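I set out to look up the enclosed spaces, the ring contacts and a ligand shell in this structure. My notes follow in the order of the look-ups.

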Amino acid sequence: MSGNTQAVRRGTGTVHLVNPSHVSFGIGVITPRWLYVLAGATPDAFGTPLLTDETLEPLDATAFQPGDIVGIGIHSGNALRGYEVGVAARQAGASVIFGGIHATLYPDEAREIGGAHAVVKGDGERAWATVLADCARGALQPVYEGGRVEPDEFTRARWDLLQPGRYMWGSVQTVRGCPKHCSFCSVWRTDGQRPRQRGSNSVVDEIVDLRRRGFRFIALADDNFYPVTLDDLRQAERRQDRSRLETLQALRAERFTLMEQLAQLPSDMVFFTQITMEAGEDPEFLDAMHRARIKGALVGVEAVTPEGLKDIYKDFNASGDALVERLRAFQQHGIHVLGSFIFGLPSDRAETFDATLAVAERARLTFAQFVMLTPFPGTIDFAAWEKTMAADPTRIGGIPLTRHWLIPQALRPKVYVPHPTMSADEIRERTQNARDRFYSLRQIWGRSRCVRSIKSRLAFVLISKIYRQMYANTGIATDSARVGRSARWARWMAKPCQRLFAARPMPDLMAPSVGTG
Ligand code: B12
Ligand code: SF4
């Protein structure tokens with residue numbers, strides 16, 4: 001995305017921020033928040049950064065000039081493309097800085113193969129200004145420790161830099177960190193287990209800013225919107241741990257304040273978040289979500305059996321009938337659930353796939369994603385797998401499997417962890433089959449009864465299909481023709497879909513005034 005005006009300052013050229021992607025759709029679903037947050041953390045003296053989101057369109061590397069500063073944010077999935085961008089920027093004579101979760105975990109890699117002059121580990125809010133200042137005086141350090149900033153330091157995103165009409169959903173983060181410790185997830189290890197919860201006023205101010213610009217759909221880009229459970233409170237009470245109890249109660253009260261404020265925003269607004277299913281046991285919380293118009297939530301169901309949940313240290317989830325009940329509780333409060341399931345767990349068997357689909361149906365999930373167990377760096381699963389792979393001689397294009405993100409996308413295996421009873425192909429095919437069945441036109445049309453008018457039902461079908469093509473197919477298909485077809489289809493459908501999400505801007509909207517800072 002180009003087109004911002006930028007001031008060139010003494011000593012340095014333009015500051016670029018690049019969100020890398022090997023596939024572009026023309027339209028984006030959710031705004032990549034880090035781009036706009038880092039733009040917000042860029043001191044005025046460095047001018048307005050030029051933002052490029054490659055999920056919209058590929059980067060034009062000729063835009064890099066000697067003396068420019070190029071910031072690239074990567075997670076493991078887009079690290080390889082990020083490194084190509086870094087190398088191109090360095091060749092053009094720019095200073096190259098990497099950040100994001102993957103660079104935090106592998107700072108040396110970004111320098112060795114990504115052309116990085118410097119890497120920021122952890123949060124970028126504080127470190128970015130230091131990096132820019134060091135760069136301007138020719139004193140860049142190889143690594144900056146960005147640490148974990150406190151909630152009052154979370155930088156407000158610069159939504160004024162958004163090009164109108166390019167994204168369907170705005171994104172606002174309300175909390176970082178998660179108290180759980182799921183074995184496949186890196187969040188609790190990189191962002192920490194202490195919830196760093198942002199004051200409701202600053203969250204709402206940003207949402208108001210987005211609504212003024214015509215965004216009525218907002219993703220609360222949190223990993224766990226429910227960081228304090230009823231059980232946490234009970235345990236603190238039982239232990240008579242007064243100070244913990246007060247901390248937890250304050251966090252919970254702040255959630256309610258936030259939701260109360262969201263409820264006062266224009267009635268056409270819709271929020272979506274990610275949450276643990278424990279919230280399904282907390283009707284007061286679900287009621288507040290409903291009033292706040294948090295109409296959808298991704299719930300990490302992961303596995304439908306107790307054995308599966310044990311495999312991934314997620315015993316706090318329910319299984320069997322209790323699972324169906326918890327998921328239905330969301331639905332009964334008017335909250336659509338996007339159930340997220342992982343296949344390929346050691347205890348999975350051929351029948352697990354059907355059992356999972358049956359739960360998805362019984363629980364009346366509105367959407368579902370079925371992913372294959374992938375050892376992402378920074379997770380317990382990855383550490384254990386890396387150990388077992390130490391003597392494995394397999395190389396793809398010279399890359400060991402334990403560095404799978406460096407293998408070109410088309411050659412990347414889809415299943416990494418050997419399964420006790422199923423082959424990699426069997427897991428992939430059964431996963432693909434589960435997706436095909438869940439997203440068959442007949443099934444989607446049946447589920448579309450969750451909305452009323454025919455127009456809304458058709459919109460539901462469109463959104464289900466686009467969701468599946470953008471996120472589901474591109475990640476699973478082994479055959480590159482299928483990936484290409486999916487991407488083309490999503491590109492073609494994205495434009496009409498975007499129109500469904502856009503709202504008339506409300507430039508005069510004011511924030512509701514209750515709440516904490
Ligand atoms: C929202 C979200 C999504 C959205 C993305 C929407 C979008 N356009 O951004 C959706 C739902 C599409 C998504 C999809 C996926 N996601 Co996701 N997602 C997130 C989530 C919850 C929030 C991201 C966010 O906006 N954070 C807010 C910003 C401000 O924080 P940040 O990105 O960390 O940036 C800060 C620092 O990292 C740093 N920084 C970042 N970049 C840079 C660059 C520079 C130069 C500097 C100096 C600093 C810097 O500064 C920022 C401010 O402090 C994160 C978890 C998390 N806590 O971040 C997972 C997360 C990034 N996702 C993850 C995963 C695995 C996925 C999927 C693969 C899931 C799946 N199985 O399909 C897909 C991949 C999609 C794809 N093809 O790329 C993992 C990545 C793990 C890893 N090792 O890479 C995470 C960490 C969650 C997890 N449970 O582990 N995701
Ligand atoms: S998967 Fe969800 S609940 Fe588990 S640690 Fe990660 S963010 Fe927390």
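**Entry 1: cavities.** I began with the second largest cavity, whose volume is about 30 Å³. I note that the model is a predicted one. Around this cavity I found Phe343, Gly344, Met372, Leu373, Val415, Val417 and Ile427 as the lining. By class I recorded 6 nonpolar residues, 1 polar residue and no charged residues there.

I then asked how many cavities of 30 Å³ or more the structure holds. The count is 2. The largest cavity encloses about 40 Å³ of space. I listed its lining as Gln197, Tyr226, Pro227, Val228, Leu251, Arg252, Arg255 and Phe285. Helix H9 makes the largest contribution to that lining, with 3 residues. I sorted the lining of the largest cavity into 5 nonpolar, 1 polar and 2 charged residues.

**Entry 2: aromatic pairs.** I next turned to the rings and obtained a count of 19 aromatic pairs. One of them joins Phe256 and Phe285 in an edge-to-face arrangement, with 5.6 Å from centre to centre and 85° between the planes. Phe256 belongs to helix H9 (residues 242-263) and Phe285 to helix H10 (residues 283-291), so this pair ties together parts that lie 29 residues apart in sequence. I checked whether the two rings are buried or exposed. Phe256 has 18% relative accessibility and therefore counts as buried, the cut-off being under 20%. Phe285 counts as buried at 1% relative accessibility; I had already met Phe285 in the lining of the largest cavity.

For a further pair, Phe370 and Phe438, I noted ring centres 5.7 Å apart and planes at 70°, so the pair is edge-to-face. Phe370 is in strand E15 (residues 367-372) and Phe438 in helix H15, and the pair links these distant parts of the chain, 68 residues apart. Phe370 is buried, at 1% relative accessibility. Phe438 is buried as well, with a relative accessible area of 4%.

I then followed the ring pairs outward from Phe370 and Phe438. They link Phe341, Phe343, Phe353, Phe370, Phe438 and Tyr439 into a cluster. Phe343 also appears in the lining of the second largest cavity.

**Entry 3: Arg447 and the second largest pocket.** I asked over which ring the charged end of Arg447 sits at 3.6 Å from the centre. The ring is that of Phe438. The charged end of Arg447 also sits over the ring of Tyr439, 5.6 Å from its centre.

Arg447 led me to the second largest pocket, which has a volume of about 440 Å³. Its lining comprises 18 residues, and those closest to its centre are Glu361, Arg364, Leu365, Gly446 and Arg447. Helices H13 (350-362), H15 (424-438) and H16 (441-447) are the elements that each give two or more residues to this lining. Helix H16 supplies the largest share, 4 residues. I divided the lining of this pocket into 6 nonpolar, 6 polar and 6 charged residues.

**Entry 4: ligand 2.** Last, I asked which residues are around ligand 2. I found Cys178, Lys180, Cys182, Phe184, Cys185, Trp188, Asp223, Thr276 and Lys314. By class, I entered this shell as 5 nonpolar, 1 polar and 3 charged residues.

How values were computed
Residues numbered from 1 in each chain as written. Chains lettered and ligands numbered in written order. Predicted model: local features only at pLDDT ≥ 70, side-chain atom pairs only at ≥ 80, totals over all residues. Heavy atoms only, no water. 1 Å grid on protein atoms, 1.4 Å probe; cavity = no way out; pocket = protein on both sides within 12 Å on 5 of 7 lines; lining within 4 Å. Points joined across faces, edges and corners; volume = space filled by probe spheres on them. Nonpolar A, V, L, I, M, F, W, Y, C, P; charged D, E, K, R; others polar. Phe/Tyr/Trp six-rings, centres within 6.5 Å; stacked < 30°, edge-to-face > 60°. Buried < 20%, exposed > 50% of the residue type's maximum accessible area, 1.4 Å probe, protein only. Lys NZ or Arg CZ within 6 Å of the ring centre and 35° of its normal. Near = heavy atom within 4 Å.
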